[in-house]
Each structure stands twice: as C-alpha cells, then as structure tokens.
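Colleague: I should be grateful for a close look at one part of this predicted model, namely the packing between its sheet and the helices. Please set out the contacts first and the surrounding loops afterwards.

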Amino acid sequence: MGVVNGPKYLGPVGNFPMFRSHYKSLLSKEDYNKAEILEFSEGIKNSCLKVEYKNGITTLLVHLSLDEDDREIQLEELICMVGGCDTPVVLMGDFNTEGTYHRMGDLETHSGLTRLELGPTFPSYKPERSIDHFFISEGLDVKEAKVLPVHYSDHLPVYVELDLQ
C-alpha cells in the first residue's frame, strides 16, 4: 500500500485551491484574494499561513513549536496577527499544547476568538491529547465539527464546516 499526499491529491480532484507551508496545508472551496506566509520570530516551526477569502473571512493556519518558550512567544505574536485582521477569523492548526494550557486561555481572551471543543487528536493510533485546535470569530456559525477516525498521519484530522450564509 502506497502513501498518498492527501492535500496534493485532493486539491486537483476537488478543484480546491491548495496552500502549503512547513507541513501545513489548507483545502477550501472558497475563492481567495490573497495568501501569504507570516513568520514568527522564534521556533523551528515558525510560520503562519494566512489566506484572505473573497467571502470576507481570513484563515490562519499554524503549526506551533514543541519548545514551550518558543511557543509562548508564538502565541503572543499570534494574538497580534489575529488583531491585525479586519475580517472574521478562523484560526486552526497544531498548537502542540492542550487547550487547558494557560496561554491558550490568553489567546481566546485577547483575540476575541472562541475555541471549538473537538476532542483528542494525538497520537492518531490512540488519541489522548487535544493539541489540534480550531478557533472562530464571533458571528461565524459551525454546521459541523468533528475529529475524523482516519489514520494517515500521527494526528487525526479535524473536519469543520462553517455556515457561510
């Protein structure tokens, strides 16, 4: 059995625009105006993929550092990145920390975003840790949100569908 690069395969098949950076990928059916990589000042995993969509939503996709000191700085910088967005924000990714970590509460408080409770995603063979998170701005409605029981990675994938009507 071969390994399939999911985003690389699904992008053309589903006619999705696909963005990749530092092992992050984002698939969406929505048309976009701009995609860019924002750099954190610290950490080996040090970038944020920002996509501004024509529907007026901005997504930020992160994979934060394993190092707690670097991650602290990245979370502070992420609060500023969210604050710099003029549109509703969807923030998601591998934060490499549980939602109970005190800085995650700071992120919610200072960014105005709400974290969805999704459940454990890591490790995929026996999920015990919730380190993959999804945050949304007030006014965005979630149609469906769940962790998928698909074992193609060391993390289980997160599926979130927003009602954009």
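Modeller: Leu91 is a convenient place to begin. Setting aside neighbours within four places in sequence, Leu91 is in contact with Leu60, Val62, Leu78, Val82, Leu107, Leu113, His133, Phe134 and Phe135. Leu91 is also listed, together with Cys48, Val62, Leu78, Phe95 and Leu107, among the residues with the most contacts inside the largest nonpolar core, a set of 20 residues. Strand E5, helix H2, strand E6 and helix H3 each give two or more residues to this core. The largest share, five residues, comes from H2. A second core, separate from this one, has 17 residues and includes Leu26, Val90, Phe134 and Val147.

The helix with that largest share merits a description of its own. H2 covers residues 68–83, 16 residues in total, and spans 23 Å from its first C-alpha to its last, close to the 22 Å expected at 1.5 Å a residue. At the N-terminal end of H2, Asp67 acts as a cap, with a side-chain oxygen 3.2 Å from the backbone nitrogen of Asp69. The buried residues of H2 are Asp70, Arg71, Gln74, Leu75, Leu78, Ile79, Met81 and Val82. An α-helix has 3.6 residues a turn, so residues three or four places apart point the same way. Among the buried positions of H2 are Asp70, Gln74 and Leu78, as well as Arg71, Leu75 and Val82. The buried residues of H2 pack against strands E3 (32–39), E4 (47–53), E5 (58–63) and E6 (89–94), and also against helix H3 (102–111). In orientation, H2 lies across E3, E4, E5 and E6 and runs at about 155° to E6. Helix H3 lies across E6, E7 and strand E8 (132–136), running at about 15° to E8.

The strands beneath these helices belong to an open sheet of six strands in the order E3-E4-E5-E6-E8-E7, with mixed pairing. Its edges are E3 and strand E7 (114–115), each of which pairs on one side only. Within the sheet, E5 and E6 pair in the parallel sense over six bridges. Leu61 stands opposite Met92 of E6.

The loop between E6 and H3 comes next. Asn96 lies in this loop, and the phi of Asn96 is near 55°, a positive value in a residue other than glycine. Most residues other than glycine have a negative phi, and most peptide bonds are trans. Asn96 counts as buried because its relative accessibility is 11%, the limit for that class being under 20%.

Glu98 has its place in the loop between E6 and H3 as well. With a relative accessibility of 26%, Glu98 is therefore classed as partly exposed. Not counting residues up to four places away in sequence, Glu98 touches Met104, Glu128, Arg129, Ser130, Ile131 and His133. Two of the approaches made by Glu98 are polar: its side chain makes a polar contact with the side chain of Arg129 at 3.5 Å, and it reaches the backbone nitrogen of Ser130 at 3.2 Å. Glu98 and Ser130 are 32 residues apart in sequence, yet their C-alpha atoms are 5.4 Å apart in space.

The loop between E7 and E8 completes the account. Leu116 lies in this loop and counts as buried because its relative accessible area is 15%. Leaving aside neighbours within four places in sequence, Leu116 is in contact with Phe134, Ile136, Val142, Ala145 and Val160. Of these partners, Ala145 is 29 residues from Leu116 in sequence and 8.0 Å away in space, C-alpha to C-alpha.

Pro123 is placed in the loop between E7 and E8, and the peptide bond from Phe122 to Pro123 is cis, with omega near -15°. Ser124 likewise has its place in that loop. At 6% relative accessibility, Ser124 is therefore counted as buried. Residues up to four places away in sequence apart, Ser124 touches His151, Ser153, Asp154, His155 and Leu156.

Methods. Residues numbered from 1 in each chain as written. Predicted model: local features only at pLDDT ≥ 70, side-chain atom pairs only at ≥ 80, totals over all residues. Heavy atoms only, no water. Helix = DSSP H or I, 4+ residues; strand = E, 2+ residues; numbered from the N terminus. Expected span 1.5 Å × (residues − 1). Buried < 20%, exposed > 50% of the residue type's maximum accessible area, 1.4 Å probe, protein only. Contact = heavy atoms within 4.5 Å. Polar contact = N/O pair within 3.5 Å; in protein donor to acceptor, adjacent residues only side chain to side chain. Pairing = 2+ DSSP bridges. Axes fitted to C-alpha atoms, helices over the stretch in contact; angles between N-to-C directions. Core = buried A, V, L, I, M, F, W, Y, C linked by side-chain atoms within 4.5 Å.
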